[in-house]
Amino acid sequence: MSATKDPDSVHVGHVKGYAAGVPAVAVALRRGVEQMGALRTAQTLIKLNQRDGFDCPGCAWPETPGHRKHAEFCENGAKAVAEEATRRTVTPEFFATHSVDDLRERSGYWLSQQGRLTHPMYLAPGDDHYRPVEWENAFELIAAEVGAMDTPHQSVFYTSGRTSNEAAFVYQLLARSIGTNNLPDCSNMCHESSGTALGESIGIGKGSVTVGDLEAADLIIIAGQNPGTNHPRMLSVLEKAKHNGARIVAVNPLPEAGLMRFKDPQKIGGVVGSGTKLADDFLQIRLGGDMALFRGVARLLLDAERAQPGSVFDHAFLTAHCAGTDDYLALLEDVDLDEVVTATGLSRAQIADFAEAVATSQRIVLCWAMGWTQHRHSVATIAEGTNVLLLRGMLGKPGAGLCPVRGHSNVQGDRTMGIYEKMPESFLTALDKEFGITSPREHGYDTVAAIDAMARGEVRLFMAMGGNFVSASPDTEATAAALSRCNLTVHVSTKLNESHVVTGHAALILPTLGRTDKDVIDGVPQRVSVEDSMSVVHLSRGSLPPASPQLRSEVAIVCGLARTIFGSGHPVDWEHLGTDYDTIRDHIERVIPGFADFNTRVRRSDGFVLPHPPRDDREFDTSTGKANFGLHPLEWLPVPDGRLILQTLRSHDQYNTTVYGHDDRYRGIKGNRHVVMINPDDISAFGLHAGDRVDIVSEFDGPDGREERRVTGFEVVSYDTPRGNAAAYYPETNPLVPLRSVARYSNTPVSKAVVIRLEPATS
Ligand SMILES: Nc1nc2c(c(=O)[nH]1)N[C@H]1C(S)=C(S)[C@@H](COP(=O)(O)OP(=O)(O)OC[C@H]3O[C@@H](n4cnc5c(=O)[nH]c(N)nc54)[C@H](O)[C@@H]3O)O[C@H]1N2
Ligand SMILES: Nc1nc2c(c(=O)[nH]1)N[C@H]1C(S)=C(S)[C@@H](COP(=O)(O)OP(=O)(O)OC[C@H]3O[C@@H](n4cnc5c(=O)[nH]c(N)nc54)[C@H](O)[C@@H]3O)O[C@H]1N2
Ligand SMILES: [Mo]
């Protein structure tokens with residue numbers, strides 16, 4: 001890559017000359033230049049996902065091991081970088097100009113577009129402006145709040161999944177040193193259902209495949225995931241798999257563009273050709289119909305096995321490694337394929353054809369994301385998908401396995417580091433032994449439980465390590481009201497967002513370094529590590545000069561705060577931890593299994609892979625010591641009369657609550673995010689027309705009766721979605737998601753199945 005100061009001459013390596021003809025790369029570079037200028041764009045993107053560079057703050061998809069392309073990034077990764085590495089800044093003068101009331105009127109988009117936070121800011125009780133504060137004073141304000149608590153459980157420590165391993169480790173150590181396990185995280189709203197289901201089924205809540213497995217698979221199922229937008233680098237792996245002969249089946253209510261066809265902007269063929277057809281089969285399933293689909297498939301596998309014993313099931317695997325097989329087969333006796341047809345909206349032929357593919361493929365990988373995790377019956381759905389793979393012995397062998405595709409770039413690593421309200425005893429014992437502290441044993445709050453506790457007035461201190469709690473959480477109004485009952489809300493953030501203006505009685509904003517920023521402490525450059533979706537741990541090092549000399553790393557903030565809270569004489573040497581991340585890694589090595597020789601191995605070019613017993617040895621750390629068949633009653637989502645079921649999802653131009661722009665290019669929606677996508681037949685059945693403006697009213701039968709929530713002024717868009725199923729963007733529709741509507745067992749908000757009705761727009 002090369003660049004001069006002339007923005008028009010920025011281009012990417014060998015696709016130079018074609019870049020303008022490739023919308024993806026062109027968009028990425030344009031955003032880069034807008035936010036960073038040409039030189040910084042070139043300097044930044046060249047380091048993205050390279051061995052001596054930084055890990056992309058976009059998604060958790062792994063880098064391809066071995067040879068790395070010159071440009072190992074995608075359009076949306078580049079946008080995430082541009083957003084972070086912007087030259088725009090939010091200074092104390094900005095806060096002097098804009099009162100909190102003024103900022104509360106602004107959109108999230110506007111807030112994030114103002115640029116990087118440069119100075120710690122304090123909003124005193126009753127004040128209407130944030131005012132600059134010195135770091136030490138900020139820490140003292142938090143320490144005072146900690147000192148005033150009746151119990152440590154009046155504090156809550158939230159994490160968003162961008163936080164590095166090192167920062168996450170010291171952050172959970174801080175919470176546990178204070179005496180609470182109140183460590184909710186974005187995972188509670190994201191892949192918690194996957195962790196819960198996989199923990200039960202295979203004894204570890206992580207995926208079992210590598211990039212190599214995907215490339216070697218002969219059947220790849222992609223269910224409830226939109227990789228073209230949310231994990232674009234996955235598409236090149238899929239293209240390779242396809243080239244190697246894989247069949248790809250997409251299971252989704254929407255014909256997502258990236259799933260259907262892919263043009264790799266980093267290849268000449270991708271620039272001039274028509275691209276690769278990715279999905280061989282598209283199963284346009286109804287929302288929440290996936291458990292029924294997989295149970296139906298299991299039933300058809302059983303029928304085929306009976307017709308020709310030994311031809312379908314992997315008996316050796318089932319006998320040696322599985323528990324509950326007979327009980328599961330007994331459940332299959334009751335499957336009614338007509339019900340499966342109704343639940344899925346698919347034809348018998350489509351289901352049979354899919355079952356045939358599952359029965360005859362030798363190496364199957366099952367991928368999923370939020371379309372599977374954010375339903376009431378998510379844990380059961382994921383268990384059912386796992387059951388089907390178990391019948392065929394598709395675990396712990398090359399080219400096969402389970403692939404929950406993670407969201408935030410280090411969300412999996414944060415959990416490994418102990419960001420979890422209910423870490424197992426083995427972890428807590430090891431932590432206590434290492435540091436000479438006594439961690440609390442009582443489980444803490446997850447996200448929904450934390451909001452409940454705040455609403456009850458039982459939380460004095462809410463601290464967030466990144467993220468945008470008020471916008472990402474369900475039931476925006478209820479969450480905002482709950483947050484405002486806290487005494488002090490503290491956000492360690494890179495950029496301004498809604499959670500800085502929906503505050504407790506007092507609030508702090510602590511500006512921090514991002515992935516792209518150079519982190520130098522006492523003259524020594526520091527590196528952090530991250531774990532990707534496939535359990536690979538590797539280093540990340542930013543290279544840009546920080547937006548202001550005031551910025552501190554997340555590690556430095558946590559350790560500085562801990563020193564103020566605990567003073568000298570605390571058994572943890574916070575000072576040393578805060579100045580030398582190698583020391584933190586030495587502690588991690590002694591507390592968390594799989595990190596032996598951490599400091600050495602993480603410096604290898606591709607890092608190292610954490611152990612995964614089912615993948616490595618077909619060993620299962622479950623209640624039975626085997627892989628357990630999940631035995632859940634069949635569930636799906638009938639559409640109530642005159643209603644629709646709404647899923648809330650991401651456009652192509654946002655990163656979670658950070659909206660980059662108002663177009664959703666792949667879905668052909670331009671200039672407006674306040675839209676609701678509806679099947680044309682439903683639009684006519686409701687007597688509506690495309691372009692009409694409506695209110696969306698959600699209906700929920702809670703413990704205290706029928707609850708309703710409303711968002712106003714949404715435009716009806718005619719869209720290819722199954723009848724009875726609608727779609728609209730997150731976070732604009734979060735006010736519709738009821739706080740009590742959560743997935744069974746995982747407590748994840750049900751963001752993909754909100755019962756709604758439409759009314760004429762009131763505004
Ligand atoms: N550019 C970009 N990248 C991102 C993010 C971002 O916002 N922007 N977010 C990151 C994060 S934190 C995450 S968790 C991931 C999210 O990645 P995804 O899970 O791909 O994100 P969503 O937009 O929620 O899309 C859900 C997909 O599931 C489908 N779906 C919904 N309900 C069902 C169902 O019942 N059954 C089936 N089979 N399909 C269903 C939807 O049609 C949609 O295609 O992406 C990560 N990467
Ligand atoms: N309705 C609905 N709700 C959802 C979802 C859905 O599909 N539908 N998806 C859920 C999912 S999957 C997730 S993961 C959550 C996301 O929940 P969160 O992780 O809480 O939200 P984000 O929007 O990713 O957080 C963005 C903010 O993080 C800060 N930030 C960015 N980089 C850094 C950094 O390096 N360090 C620090 N300290 N701060 C940083 C910036 O200030 C930015 O404004 O939302 C969930 N909510
Ligand atoms: Mo996520």
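**A pocket, two ligands and two odd backbone spots**

Let's begin with the helices: α9 (192–202), α22 (411–416) and α23 (425–435) each give two or more residues to the lining of the largest pocket. One point before we go on. This is a predicted model.

So, which helix gives the largest share of that lining? It is α9, with five residues. The pocket itself holds about 1,200 Å³ of space. In total, 35 residues line it. Which of them come closest to its centre? Look for Gly203, Ile204, Gly205, Lys206 and Pro424. By class, the lining has 15 nonpolar, 13 polar and seven charged residues. How do we look for space like this? Roll a probe the size of a water molecule over the atoms, and you see where empty space is left.

Next, ligand 1. How many residues surround ligand 1? There are 32. The closest are Asn252, Glu256, Asp290, His375 and Asn656. Now the backbone around ligand 1. A polar backbone atom of Asn230 sits 2.8 Å from a nitrogen atom of the ligand. For Gln654, a polar backbone atom is also 2.8 Å from a nitrogen atom of ligand 1. Thr229 has a backbone N or O atom 3.2 Å from a nitrogen atom of ligand 1. How much of ligand 1 does the protein bury? Taken alone, ligand 1 exposes 920 Å², and the protein buries 99% of that.

Where do the residues of this shell come from? Four elements give two or more each: α11 (227–230), α20 (370–373), β23 (644–649) and β24 (654–655). The largest share is three residues, from α20. Now step up to domains. Domain 3 (192–404) and domain 4 (644–760) each give at least three residues to the shell around ligand 1. By class, that shell has 12 nonpolar, 16 polar and four charged residues.

On to ligand 2. Here, 29 residues form the surroundings. Tyr158, Ser160, Glu554, Thr657 and Tyr730 are the closest. Start with the backbone again. A backbone N or O atom of Ala472 is 2.7 Å from a nitrogen atom of ligand 2. A polar backbone atom of Gly467 is 3.1 Å from an oxygen atom of ligand 2. Then comes a side chain. Asn656 places a polar side-chain atom 3.1 Å from an oxygen atom of ligand 2. Alone, ligand 2 exposes 930 Å², of which the protein buries 96%. The shell around ligand 2 has nine nonpolar, 15 polar and five charged residues.

Why does ligand 2 lie between domain 2 and domain 4? Because both domain 2 (93–133 + 144–174 + 441–512 + 552–592) and domain 4 (644–760) give residues to its shell.

Keep Tyr730 in view. You met this residue among the closest to ligand 2. What kind of peptide bond joins Tyr730 and Pro731? A cis one, with omega at about 5°. Pro731 is in the loop between β29 (725–729) and β30 (754–760).

One last stop: Ser535. This residue is not a glycine, yet its phi is positive, at about 65°. Where does Ser535 lie? In the loop between β19 (528–531) and β20 (536–540).

To recap the two ligands. The protein buries 99% of the area that ligand 1 exposes alone. For ligand 2, the figure is 96%. Asn656 is one of the residues closest to ligand 1, and a polar side-chain atom of Asn656 lies 3.1 Å from an oxygen atom of ligand 2. Thank you.

Notes: Residues numbered from 1 in each chain as written. Chains lettered and ligands numbered in written order. Predicted model: local features only at pLDDT ≥ 70, side-chain atom pairs only at ≥ 80, totals over all residues. Heavy atoms only, no water. Near = heavy atom within 4 Å. Polar contact = N/O pair within 3.5 Å; in protein donor to acceptor, adjacent residues only side chain to side chain. Areas by Shrake-Rupley, 256 points an atom, 1.4 Å probe, with all protein chains shown as cover. Nonpolar A, V, L, I, M, F, W, Y, C, P; charged D, E, K, R; others polar. Domains from an automatic or database assignment. 1 Å grid on protein atoms, 1.4 Å probe; cavity = no way out; pocket = protein on both sides within 12 Å on 5 of 7 lines; lining within 4 Å. Points joined across faces, edges and corners; volume = space filled by probe spheres on them.
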